[in-house]
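User: I'd like a close look at the pocket side of this model, please. Take your time over it, and wander into the surroundings where they help.

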Amino acid sequence: MSIAERESTVVEAAPKQLLIGGEWRDAGGGATLAVEDPSTGEAICEIADATPEDAQAAIDAAAEAQADWAATPPNERGEILWRAFELLGERADDLALLMTLEMGKTLAESKAEITYAAEFFRWFSGEALRIDGYFKVAGNAASRVLVMRQPVGPSYFITPWNFPNAMGTRKIGPAVAAGCTMVVKPAQQTPLSMLALAQLLAECGLPPGVLNVITGSSSSAISAPIIADRRLRKLSFTGSTEVGRKLIAQSADNVLKASMELGGNAPFLIFDDADLDAAIEGAMIAKMRNIGEACTSANRFHVAEPVASEFAERLASRMGKLRLGRGVDDGVDVGPLIDADQRSKVDELVRDAVDQGASCVVGGAIPDGAGYFYEPTVVADVPDSARLLREEIFGPVAPVKGFADEVEAIAAANDTEYGLVAYVYTADLKRALRVCEGLETGMIGLNQGMVSNAGAPFGGVKQSGIGREGGNEGIHEFLETKYVAVNV
Ligand code: NAP
C-alpha cells in the first residue's frame, strides 16, 4: 500500500463521532467540524461538533457508571490497562500515522509519543493494585486510626493538541486504576488520536460509560455544563496557563479537585565546566522534540560567557541541517507548526528580539509553500527585554544569552512566572546540587535534555500548574483519603 493509501485508510478507520455511555453517536443537530493537516492546510475529515446537551449527556453517563466502576476489582482495572498498553504497541504504526496527519510531527516522533503514552498504562496497571491505606493506634491509645483511599469520582479531562495521545493516557491511566469514570475533551485540532484511543480502550474491556469523549468547536460552551454539574468531582487540565486560570476560577463554584498542567518557559543552563558535546545533544532534544511545541521545550539557553558563542555556533550548525517537510515523508526531521496563528506568534517573537538588537545565527524566516512551517532558528545576543525570553515560544527557536556566574544564572532562570522544568549541564557535582536546589521548577533535567517518564512525578510550580501526573504521586490525584476514628 502506498503512503497516500495508508493515510486515507487510517483516517477512514478512525472514529469521528462522540462516545457517550458506550455508544458512538453524532452530535445533537448533526453539526461537524473539520480536522486539518497542518503540513498542507487541507481538511482531512469531519468530526462531530458537540453541543452543550451532548456534554450533559456525557457527564450523565460518567455519573451513572461511577458506582459500578468503583466496585470493579483492582485486578480487572489493572488488566484492562495492561491490555491497552500491549494494544497501543501493536497499533503504534497506524496510530502514529493518524497523529502525524492531524498534528504534523514526524512519524518517528509520533511513534515515540505512542510508546510514551503506552508507558502510562503499563505504570498505572500496577498502581491499580497498590492503592493502600493504613491502620494505627492513636497517640493516647484510646482509639484507632483507620485510613482508606477511595476513587475521587467522575472526572473531566481537557487535553491539548501537542501530545494528542500521551496527554490523555497520563490522565486516563490513573483514573482507570483508581476507579474513576471520566469525560474527555481533546483539543479540536487533534481529536482523532483521542477518539482512536477511546475505541482501543473499549476493545480492551473498559465498560460503557467509564470513558466518554466529546469533541467540539466551542470548548467553553461544551465544558460549562460539565464543570457546573454537582456530580463532577475533579477537573484535570493540560494546556496554557491562560486557559488554566479561567478553569481554576470556574471550578471554584463546585470546589472541584483541580489538577493543572500548564505552560512553561524552561531555562537551559550550561556552565563552563560542562561537556559541550553532551550539552548540544541535550539541547537538540530539549529544543526540537515535538518541533519545539512542548511545555518542556527549552525556551531559553543561558550559557556561561566563555562558551556562549561556541555553543550558539554549534547549535546553529545542527539546527541548520534539519530538513523541514511533511511528517509522513522519509528523511524529514521537522514538521509544521500547528496552525497559522502559532506560526505568526513564533515569527513575531523572533522579530521583536531582532528589532531590539539580537541576531539570527541560523533560520528566522517562514519558508515558501503550503503548511505552517518555520525554520529552525538560533538567536544570539538576546536582550533581557526581549519577549523571546519571557513568553512561551512553542516553536523551533532557540534564544542564547550569556551569564557571568552561578548566582546570575540561577536568578535569570527563576526570573519568570513559570516553573515547569529546567535543564542544567555541569560536570561539578556540588554545583549541580546547589543549582538544582536553587531552581524554582517542578522538574530538572540534570545533564539530560528530557525528563518525561511515566514512573516520575511530572508537574510544575508557580504558574506552571498544580498537581503531578505519573510516578507514585499520579494516582493520588484520583483518590480521596477517608479517616475513620475507631472506638476499640
Ligand atoms: P490551550 O489553548 O490552553 O488549549 C488546551 C485545551 O483547552 C484544548 O482542548 C482547548 O480546546 C481547551 N480550551 C481552550 N479554552 C477553553 C475554555 N475556555 N474552556 C474549556 N476548555 C478550553 O492550549 P494549547 O494551545 O492546546 O496547548 C499548548 C499549551 O499547553 C502550552 O501552553 C503548553 O505549555 C501547555 N502544555 C502543558 C503541559 C504540561 O504538562 N504542563 C503539557 C502539554 C502542553 P480547543 O482546542 O477547542 O481550543
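Analyst: A quick word on terms before we dig in: a helix here is a DSSP run of H or I with at least four residues, a strand is a run of E with at least two, and both get their numbers from the N terminus. Bear in mind too that this is a predicted model.

Let's begin with the largest pocket. About 1100 Å³ of space lies in it, and its lining takes in 40 residues. If you want to centre your view, go to Trp161, Phe237, Gly239, Ser240 and Val243, the lining residues that lie nearest the centre. Four elements give two or more residues to this lining: helix 8 (219–228), strand 10 (234–238), helix 9 (241–252) and helix 12 (340–355). Helix 9 gives the most, with 7 residues. As for chemistry, the lining splits into 14 nonpolar, 15 polar and 11 charged residues.

Where does the largest pocket lie with respect to the domains? It lies between domain 1 (3–263 + 465–487) and domain 2 (266–415 + 421–453), because both of them give residues to its lining.

Since helix 12 is one of the lining elements, have a look at Lys345, which is found in that helix. Its relative accessible area is 27%, so Lys345 counts as partly exposed. Leaving out residues up to four places away in sequence, Lys345 touches Glu391, Glu392 and Ile393.

Carry on along the chain and you get to Phe394, in the loop between helix 13 (387–390) and strand 16 (397–403). Most residues other than glycine have a negative phi. Phe394 goes the other way, with a positive phi near 60°. With 13% relative accessibility, Phe394 is buried. Asn290 is another residue with a positive phi near 60°. You'll find Asn290 in the loop between helix 10 (276–288) and strand 13 (298–304), and it is buried as well, at 1% relative accessible area.

Now for the second largest pocket, which has about 210 Å³ of space. Helix 1 (3–13), helix 4 (92–103) and helix 7 (191–203) each put at least two residues into its lining. The lining breaks down into 8 nonpolar, 2 polar and 2 charged residues. Among them are Val10, Ala13, Arg91, Asp94, Leu98 and Leu200. Leu200 also gives you a handy yardstick back to Lys345: the two are 145 residues apart in sequence and 36 Å apart in space, C-alpha to C-alpha.

Helix 1 rewards a closer look. Its buried residues are Glu7, Val10 and Val11. Looking down the helix axis, those residues fall within an arc of 100°, so they line one face of helix 1. The general rule behind that kind of pattern is that an α-helix has 3.6 residues a turn, so residues three or four places apart point the same way. Strand 4 (42–48) and helix 4 are part of what covers the buried residues of helix 1. On the face turned away from that buried side sit the exposed residues Glu12 and Ala13. Put this next to the pocket lining: Val10 is a buried residue of helix 1, Ala13 is an exposed one, and both line the second largest pocket. Helix 4 has two parts to play as well: it helps cover the buried residues of helix 1, and it supplies at least two residues of that pocket's lining.

How values were computed: Residues are numbered from 1 along each chain as its sequence is written. This is a predicted model: local features need pLDDT of at least 70, side-chain atom pairs count only at pLDDT 80 or more; totals for chains, interfaces and linings use all residues. Side-chain values use heavy atoms; hydrogens and water are left out. On a 1 Å grid over the protein atoms alone, a cavity is a set of points where a 1.4 Å probe fits but cannot get out, and a pocket is an open set with protein on both sides within 12 Å along at least five of seven lines; lining residues have an atom within 4 Å of a point. Grid points are joined across faces, edges and corners, and a volume is the space filled by probe spheres set on the points. Ala, Val, Leu, Ile, Met, Phe, Trp, Tyr, Cys and Pro count as nonpolar, Asp, Glu, Lys and Arg as charged, and the others, Gly among them, as polar. Domain bounds come from an automatic or database domain assignment. Buried means under 20% relative accessible area, exposed over 50%, partly exposed in between (1.4 Å probe, protein chains only). The arc is that of the directions from the helix axis to the C-beta atoms. Contact means heavy atoms within 4.5 Å.
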